[in-house]
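Here are a few exercises to work through with the structure open beside you. Take each task at your own pace, then compare your steps with the solution.

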Amino acid sequence: MLQKTLSILLCFSLYTLTFAQNTFQIKGFVADANSLQPIEGANIISNNLYAITSSEGVFTIKNIAKKTYTFTVSCIGYKSKTFTVNATPKMEAITVYLTESATELNEIEVQGKTKKRELQESPTVSYVVSEEFLNKNRENSLMQTLSKIPGVSTISIGSGQSKPVIRGLGFNRVVVVQNGIKHEAQQWGSDHGLEIDQYGIENIQIIKGAASLLYGSDAIAGVVDIQPTKTPLKNSFNGEVNLLGESNNDLLGISAGIQSRKDSWFYRGRLTYRDYGDYKVPTDKINYENYIFELDDNNLRNTAGKEANASFSIGYISDNIKSETFLSNVNAKNGFFANAHGLEVRSSTIDYDSSNRDIDYPYHTVNHFKVTNNTSIILNNHTLHLDLGFQNNHREEHSEPSAHGYMPKPTNTKEREFDKNTYALNIRDAFSPNNQHDIVAGINVEFQNNNIGGWGFLIPKYNRFTIGAFAYDQFEINSNLHFLAGIRYDYGVLNTKSYFDWYQSKVDNSDGSTSNVYLQRAQNKTLDFGNISASMGLSYLQNNTTYKINVGKSFRMPLSNELASDGVNYHMYRFEKGNLNLDPEESYQLDIDIDHTTELFSIGVSPFVNFFENYIYLNPTSNYYETLQIYEYTQSKVFRMGGEFRASSTITKNLQLNLSAEYVYSNQTNGAKEGFTLPFSPPLSGLFTINYQLKDFYFLNKPQLSASYKIAASQSEIVPPEEKTDGYQVLNMSLVTEMDLIKNNAPVAMRIKLNNVFNTKYFDHTSFYRLIDVPEAGRNLSISLTIPF
Amino acid sequence: MKFTLKYFYFITLSLLMLSCSDDDSVDKDDQKPTISINYSDGFPQACEQLVKGQTYTFKAKVTDNKALASYSLDIHNNFDQHTHDDQGEVCDLDPIKEAINPLIFMENYSIEGELTTYEINISITIPNDIDTGDYHCSYSVTDTTGWQSNTSIDIKIIE
């Protein structure tokens, strides 16, 4: 972050405003020749003329005379380029592609390293998602957008909610970090998504592998790290409005953001509102077991939703200190498919089909409030980072009350309520004693308090305290060979609270009589866990090829539901039983990443091998409790392997091809489900994308046409109660372009997308609705406009 | 040439990765058991009317490819019409009403001896002091692997 800020400042120090009396102007765009992504802060210099590119890579030189100019385009980390233009009244926009300088800029030392170079040197196998990618690929939820990255998929429920899955593992095995603080929602539950506004995010780092070392418990399968946005430039004010419309679920969305900075102080703010109706599926009826649900006009009834988010931050930056305080609130209400929420089939007198926008029972409301502070202080060769966070996640699930078993019909609709407060503190010191070592040491402390309500019981009330300390060193053996090693210890205490049913159940006594008792579902228990994580890796850069190898041990503390559940999950129509004797999950993983990138093509492969000592798994047993099948949390050894393959090639300047494939194999090697895979295993799949840069067309500048074709193999590796899923092929198309609608302003960006072009009926094996045979969404046309100001 | 070689190397590596993953040493059971009342002795049939005080024998046939494990029978009221059967027949339902003393029958049984076919046979006397009206009767069966199947039938209990 510091290096990035410094290099932008460096680029900027050359910038001066000049004025002349003439009327012509030169417009242009500077992009990375390889990634085709815009370069921010590049200098465009001629004799008396200067310009600097915006975050969109755009520059304008106004008021120039009618003559020939030679400009030099330069930016740190790139080779400078020169171009010559004749200033005429009707000039086309100039596009300049800069190539990254192959040699390190020794004279600027560490500050001269590009973000890309830093990532290449780090032995951690990670993937960086840019704002450009997010803008181009934006789907209905953040995770659906990210699922285009090989190795990343989602478990989604309906059209608006999804949670991250990395190489087939999800829920609490993937950590989502926002602004340095672990996002704490109700990750363990399958029927809700991430409560994060997907607008206003610039950079996301994805780690596909064991990352407990840096992120603590839960980062056993990977991390989605939503990084703080860049500090705005000095004396700047800018903003944007995003408008979005979608045909499939009649979505209307608006998001507006501003950011400004005077000298040292800066602030940003954003408001987002989205409202959508039921989504359409390419079928008029759903066959689930022996039931048939007729759909009205292909609408998956009661899947409408709305979302309102607000965020504000204020920050201070000087030479040695940077601090930003961020406040956000995400609020959503989502309906669930009415005929079967979970596995149980329900009928109702509610007229769900009277409108496709109303949200009836069952639905949930969720509110996530977050306040974080990130402060970094530079003291000589130390950089101290402090992250402080408070989060409140409040979720309520409402459904039509109905008697179940011995439970009489409840008097209200509030089936479940969870109210979780999380307090977090991270302290981290990055220290470079010399040019060879980068040592980082830190402490993470987290306290969590979870309260429950409603007439359904699933997890108990609990308090959880965790503390972890870590240190790692990245050692530069030579400029192309880097070694990283680190170790961490975590300790956690979990305190569960007892819970008794609010109604009586009939119990058989040993003497043959029966009595009515309030059954105890959870006990007062204090459990503590301690575990070591470690990681070691090497990276080697050889010309255009980067080799990385990383081996790590990660762990995950059992959750309160895994330990102390003891109740009926009516949605899943099963009895879930925890196990207080569970050990922390331990996993060993070997990651390899080989990447070869030249100007014209890039190819990479990232295989992994993973072994779980004691994977915690909700095992369907053959026994019943009050006529419901008992699912019991158990542990088993699991072997996993797989990886991703990616290739891209620039055929001509205008034509780019991308190919990626992902595969995961999992096998439980002992226990009750020996020989079976893990639940929600993604099938082998590939994504083929063509990008074609068209010529400017009337008011459309730089129109780019993309087609992406996804091929997924069938998934026959299943575990009860899953169903085998057929393979599928689906085509998505998009057109991204810019329009100069407002003179002398940054261009308006437009994106037209057509998802599922052929309205193909297919099933996504990792979708929550797959269990009840609901296919994926049908054809969807979406139009999005981003208007900067 | 260099490019082709590298390409070949990567493809081979990824193919290797994929190819060595298809051996499953354990013979996995990936089939659910079946459950049916669609035979002459199957009881109750859709829309069946049961009289208070009478004794009935509930019968269903269950099968599995490997070994059956347990079954359960659940009879609960459907006075609020929250659920319906999967027998494809539409029964006439009484008006919606509140439950006062509904019949609750929930029993679990195990099937010993790793059988692949079995006939469920449960004798139930309908008590005299319970609410009459619409009821729902559901059978469930599991196999030793943990696969489950259900079937549900709409019935009516009358005076």
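Before we start, a definition: two strands pair if DSSP finds at least two bridges between them. Please keep in mind that the model is predicted.

**Exercise 1.** Find which strands pair with β24(A), and how they run.

*Solution.* Begin with β21 of chain A, residues 321-335: 15 bridges join this strand to β24(A), and the two run antiparallel. Within this pair, A:F326 stands opposite A:T372 of β24(A). Next, turn to β25 of chain A, residues 382-398, which is joined to β24(A) by 17 bridges, again antiparallel. Here A:H368 faces A:N393 in β25(A). Finally, look at the link: β24(A) and β25(A) form a hairpin with two residues between them, and A:N380 in the turn has a positive phi of about 50°.

**Exercise 2.** Explain why strand β24 of chain A is largely enclosed by the rest of the structure.

*Solution.* Recall that buried means under 20% relative accessible area. Then count along residues 363-379: twelve of the 17 residues are buried, so the strand is largely enclosed.

**Exercise 3.** Locate the largest nonpolar core and the strands that supply it.

*Solution.* This core has 29 residues, and B:F58, B:L73, B:I75 and B:Y139 have the most contacts inside it. In chain B, β3, β4, β6, β7 and β8 each supply at least two of its residues. Now zoom in on B:L73: leaving aside neighbours within four places in sequence, its contacts include B:F58, B:I122, B:Y139 and, from chain A, A:T627. Apart from this core lies another, of 27 residues, among them A:L134 and A:Y617.

Note on methods. Residues are numbered from 1 along each chain as its sequence is written. Chains are lettered from A and ligands numbered from 1 in the order in which they are written. This is a predicted model: local features need pLDDT of at least 70, side-chain atom pairs count only at pLDDT 80 or more; totals for chains, interfaces and linings use all residues. Side-chain values use heavy atoms; hydrogens and water are left out. A nonpolar core is a set of buried Ala, Val, Leu, Ile, Met, Phe, Trp, Tyr and Cys residues joined through side-chain atoms within 4.5 Å. Buried means under 20% relative accessible area, exposed over 50%, partly exposed in between (1.4 Å probe, protein chains only). Helices (H or I, at least four residues) and strands (E, at least two) are DSSP runs, numbered from the N terminus. Contact means heavy atoms within 4.5 Å.
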